[in-house]
Amino acid sequence: MGVDHKLGAEEEAVYRQIALHRQFDPARMAAELTLSEAQVTDAVDALLQLGLLQRDTVGPGVLRAVDPHLAAAVASAPVERAIREQEISLRALRDQFVQLSAHFEEGLRGTPATLETIPALSEVRAALDRAAEMCREEMITVQPGGTRAPEVLKDALARDSEVLARGVRIRTLYHHTARFNSPSQAYVALASALGAEYRTAHQLCGRMIVFDRTLAFLPDHQGTWGAVAIREPSVVHFLCELFEQAWTEAQPFSDAAADGLEAVAKDLDRTILRLLATGRKDEAIARRLGMSLRTTRKHIADIMQTLGAESRFQAGFVVATRGLLSDDDPGSESEELQNSGTT
């Protein structure tokens, strides 16, 4: 019987009786504990195997309770020894891999196309954690989507806190819809207090993260949980320039309610109008805005109803004739939609 054995209620009750009285009378103990004699005998056998009881030399019917701390030390000694041996083997394995990593990095420097495909999610997380540990100056991130799981944000806050403590600048772009998400609001408030910077936009190019402007991670285009690590300087530079452009046009992260829900809704409607005018499908619009397909379709239906349009073609005609997307007057579509009754 090993350390994985869990003491049952019968064994605990029998141990208590013997610890108090030292006498082992199966029939009497069974009656006092409302157990069968077989249950009492089985419990005693288990306690003897675990070293929690010892037979006393005074008499065959006398048992002595052993200090549980002492019994635990004896029972766990083989397991602790095995753990120590495993830890030694693990350290040796890691040391070997560290030695190999020097050859791997040397090979990357000599490779013309410095691009690495990382297929598994666990490997992606490990690569991101490693890059965060090595980051010394700047980390920029684009996180599309309106919601993130609280447990994901908790892990992100722990990692980002360590990075910020080293003086690394962190900037992150979210969709505007993230401002409606309570966990995201709480995460941004905590991380901002540590020095991180956050902005939001209605449209984002896609998910990416760049460390020290030398290493970028993009999601696998096949839609899996894999990623692509890019070290080619020209490509990384282009991604950073793309981020800077989006960052300049984005707005500081704030609670949507504080900005006025009506103003946020009108801004969202204008963005949807622009995307509809380009002929994008509902699925593409939803991805660009970081919203669910159902929510996106509801917004589109509301806009078409407000415009009095029964088809997208008719809606496009109304938008064009009313000049709702005129670049000369950024507020014209807002005023027109407001006058039409959009909320």
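**Questions on strands, salt bridges and patches**

Biologist: What makes strand S4 (residues 138-143) and S7 a pair?

Modeller: In this predicted model, S4 and S7 are joined in the antiparallel sense over 4 bridges. Two strands count as a pair with at least two bridges between them, so S4 and S7 qualify. One contact to look at is Met-139, whose bridge partner in S7 is Phe-211.

Biologist: And which way do strand S7 (residues 208-211) and strand S8 (residues 215-219) run, and how many bridges join them?

Modeller: S7 and S8 are antiparallel, with 3 bridges between them. The cut-off is at least two bridges, so they pair as well. Val-210 has Ala-216 in S8 as its bridge partner, and Ile-209 has Phe-217. The two strands make a hairpin with 3 residues between them. In that turn, Asp-212 has a positive phi of about 50°.

Biologist: Where does strand S9 (residues 227-230) fit in?

Modeller: S9 pairs with S8 in the antiparallel sense, over 4 bridges. Phe-217 has Ala-229 as its bridge partner in S9.

Biologist: Which side chains of S7 point one way and which the other, and are they buried or exposed?

Modeller: Met-208 and Val-210 point one way from S7, while Ile-209 and Phe-211 point the other way. Each of these residues is buried, a word used for a relative accessible area under 20%.

Biologist: Let's turn to charges. How many salt bridges does the structure hold, and what makes Glu-197 and Arg-169 one of them?

Modeller: There are 10 salt bridges in the structure. For Glu-197 and Arg-169, the N to O distance is 2.7 Å. The limit is 4 Å, so this pair meets it. The partners come from distant parts of the chain, 28 residues apart: Glu-197 sits in strand S6 (residues 197-201) and Arg-169 in strand S5 (residues 169-175).

Biologist: Why are Glu-197 and Arg-169 called partly exposed?

Modeller: Glu-197 has 25% relative accessibility and Arg-169 has 39%. Partly exposed covers what lies between the buried limit of under 20% and the exposed limit of over 50%, so both residues belong there.

Biologist: How do you know that Arg-171 and Glu-244 form a salt bridge?

Modeller: Their closest N and O atoms are 2.6 Å apart, and the limit is 4 Å, so the pair counts. Arg-171 is in strand S5 and Glu-244 in helix H8 (residues 233-249), so this bridge ties together parts that are 73 residues apart in sequence. Arg-171 has 3% relative accessibility, under the 20% limit, so it is buried.

Biologist: What makes Glu-283 and Arg-297 a salt bridge?

Modeller: Here the N to O distance is 3.3 Å, again within 4 Å. Glu-283 lies in helix H11 (residues 282-289) and Arg-297 in helix H12 (residues 293-307), so the bridge links parts 14 residues apart in sequence. Glu-283, with a relative accessible area of 34%, is partly exposed, and Arg-297 is partly exposed at 39%.

Biologist: Which residues are joined into one network of salt bridges?

Modeller: Glu-138, Arg-171, Arg-213 and Glu-244 are joined into one network by salt bridges that share partners.

Biologist: Which residues gather in the patch of negative charge on the surface?

Modeller: They are Asp-129, Glu-133, Glu-151, Asp-155 and Glu-162. Helix H5 (121-134) and helix H6 (150-165) are the elements that give two or more residues to this patch. H6 contributes the most, with 3 residues.

Biologist: Why does Asp-155 count as exposed?

Modeller: Asp-155, which is in helix H6, has 54% relative accessibility. Exposed means over 50%, so the label applies.

Biologist: And which residues form the nonpolar patch on the surface?

Modeller: Leu-90, Leu-93, Phe-97 and Leu-100 form it, with about 380 Å² of accessible area together. Leu-90 is in helix H4 (residues 68-109). At 40% relative accessibility, Leu-90 is partly exposed. A patch residue needs over 30% relative accessible area, so Leu-90 passes that cut-off.

Notes
Residues numbered from 1 in each chain as written. Predicted model: local features only at pLDDT ≥ 70, side-chain atom pairs only at ≥ 80, totals over all residues. Heavy atoms only, no water. Patch = residues over 30% accessible without salt bridge, like charges linked within 9 Å, V, L, I, M, F, W, Y side chains within 5 Å. Areas by Shrake-Rupley, 256 points an atom, 1.4 Å probe, with all protein chains shown as cover. Salt bridge = Lys/Arg side-chain N within 4 Å of Asp/Glu carboxyl O. Lys, Arg positive; Asp, Glu negative; His and termini not counted. Charge placed at Lys NZ, Arg CZ, Asp CG, Glu CD. Buried < 20%, exposed > 50% of the residue type's maximum accessible area, 1.4 Å probe, protein only.
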